[in-house]
Amino acid sequence: MKKLLLAALLCASPLAALPARADALPLREQARLVDQLTAERLNTLLPGLMQRSCIDMWILVSREYNEDPVLRTLLPAEWLSARRRTILVFTRDPASGQVEKLAIARYNVGSAIKAAWDMQRFPKQWDALAELVRSRKPGRIGINTSATFGHADGLDHTDYKELMAALPAAYRGKVVSAEALAVGWLETRTPRELALYPQLVADTHKIIEQGFSAQVITPGATTTEDVVWWFREKIRAMGYETWFHPTVTIQRAGAASGNVIQPGDLLHVDIGISTLRLHTDVQQHAYVARPGETAVPAGILAAFSQANRLQDIVLAQFQEGRSGNQVLAAALAQAKAEGIKPTIYSHPIGYHGHGAGPAIGMWDMQGGVPGSGDARLRPSTAYSIELNIEAELPEWQKPVRIMLEEDAWFDGKAVQYFDGRQRQPFLISK
């Protein structure tokens, strides 16, 4: 079954149906797939991204245990860190459009990036880089510096100083920020990566559904921390990792106190898993039935319906070339016109849980996000549609907040959820 699944993943088209499974691929098969995906990205994505960004040569430098976030995505799966100082150089040939992929390193960086350091001729690593620059004669040299995106600001101060000192004088003035290239590399998903995502999100949903059930929760005894650690153990048992510690919170009638889960509580979870260098990020709810209750109360369902409507409003504002701030402003205006009390804080997802690309609000920046909110929407990108609404709950005599987050992808025309979305809270009952 594992081999059949791997074969399906290797040739799948975007959002193709995949065989059902209950855990992650074995580590060896994960590594093989990661390396194939990286090689494919270098061959199919990088040339166009360099052309779009007007970068002729891209230089990435990292030392062991202080890896540039972008360089980390380029290392072979068997490398858990850079080796000593690792220098990667990508040079685009304007005639052929192809990209030469070299490492000023002692050995190849996997099978996709070849070593190009003649240590007999150039005992010093920086001298070897300088000679490569002279021989390739790039017009614009991109380095990873950015005031807006931490993901694209991975060149540390020491390596920057040594790089600039080593470059031939004629090329120092050609050095520019590679922010647009780095963000493009991080945010863009290939068809095969998109084909992986539905199963990853489905597994995240399955973990939540099991955790928010009577299998795990005994009202009056189980605490929110018990459920959080159950989630952590479950993620590990399935062969996944998590990129942040999950949270489980309670809303209830009256004054909320204590973390012991009680009948009548509305539970919320924020959780994400990581595998194959991809991340999920999901928030959902569950209601703990009171004795005799067989359904979620109508007031909570009505509030939930508003949150679903806000999701629809946000997705309808996605247009290629729009900025995150434009999507935010239009969605907020539409929601408020419909009588919804919205807060929107959606974000890219992929190589990072909070990925590079256009920020669509932050919980404390509903007027727009300077910098990252000005980034433009591009096709083949993935997002966590994260938001909440506040609605009055008459039976509680106070407001309730419905906080939802579901993962989706944008093809340049429309947004599709990878594995659907939650339309009402799970019901936890005996």
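**Reading the cores and the open sheet**

Reader: In this predicted model, which residues touch the most other members of the largest nonpolar core?

Author: A nonpolar core is a set of buried residues joined through side-chain atoms within 4.5 Å. Here the largest such core has 38 residues, and F212, I217, F231 and L267 touch the most other members.

Reader: Which elements give two or more residues to this core?

Author: These are the helices α2 (27-44), α9 (191-211) and α10 (224-237), together with the strands β7 (247-251), β8 (266-271) and β11 (282-288). The largest share, seven residues, comes from α9.

Reader: What does F231 touch, leaving aside residues up to four places away in sequence?

Author: On that count, F231 is in contact with I207, I208, G211, F212, P246, V248, V269 and I271. Apart from the core of F231 lies another, of 35 residues, which includes L266, A331, I385 and L393.

Reader: Turning to the sheet, in what order do the six strands lie?

Author: The order is β4-β3-β2-β1-β5-β6, in an open sheet with mixed pairing. An edge strand pairs on one side only, as do β4 (114-115) and β6 (175-177) in this sheet.

Reader: In which sense do β3 and β4 pair, and over how many bridges?

Author: Strand β3, residues 99-104, pairs with β4 in the parallel sense over two bridges. Within these strands, A103 stands opposite A115 of β4.

Reader: Which strands does helix α3 lie across, and at what angle does α3 run to β2?

Author: Helix α3, residues 46-53, lies across β1 (57-63), β2 (85-92) and β3. The angle between α3 and β2 is about 75°.

Definitions and conventions:
Residues are numbered from 1 along each chain as its sequence is written. This is a predicted model: local features need pLDDT of at least 70, side-chain atom pairs count only at pLDDT 80 or more; totals for chains, interfaces and linings use all residues. Side-chain values use heavy atoms; hydrogens and water are left out. Two strands pair if DSSP finds at least two bridges between them. Helices (H or I, at least four residues) and strands (E, at least two) are DSSP runs, numbered from the N terminus. Contact means heavy atoms within 4.5 Å. Axes are lines fitted to C-alpha atoms, for helices over the stretch in contact, and angles run from 0 to 180 degrees between N-to-C directions. Buried means under 20% relative accessible area, exposed over 50%, partly exposed in between (1.4 Å probe, protein chains only).
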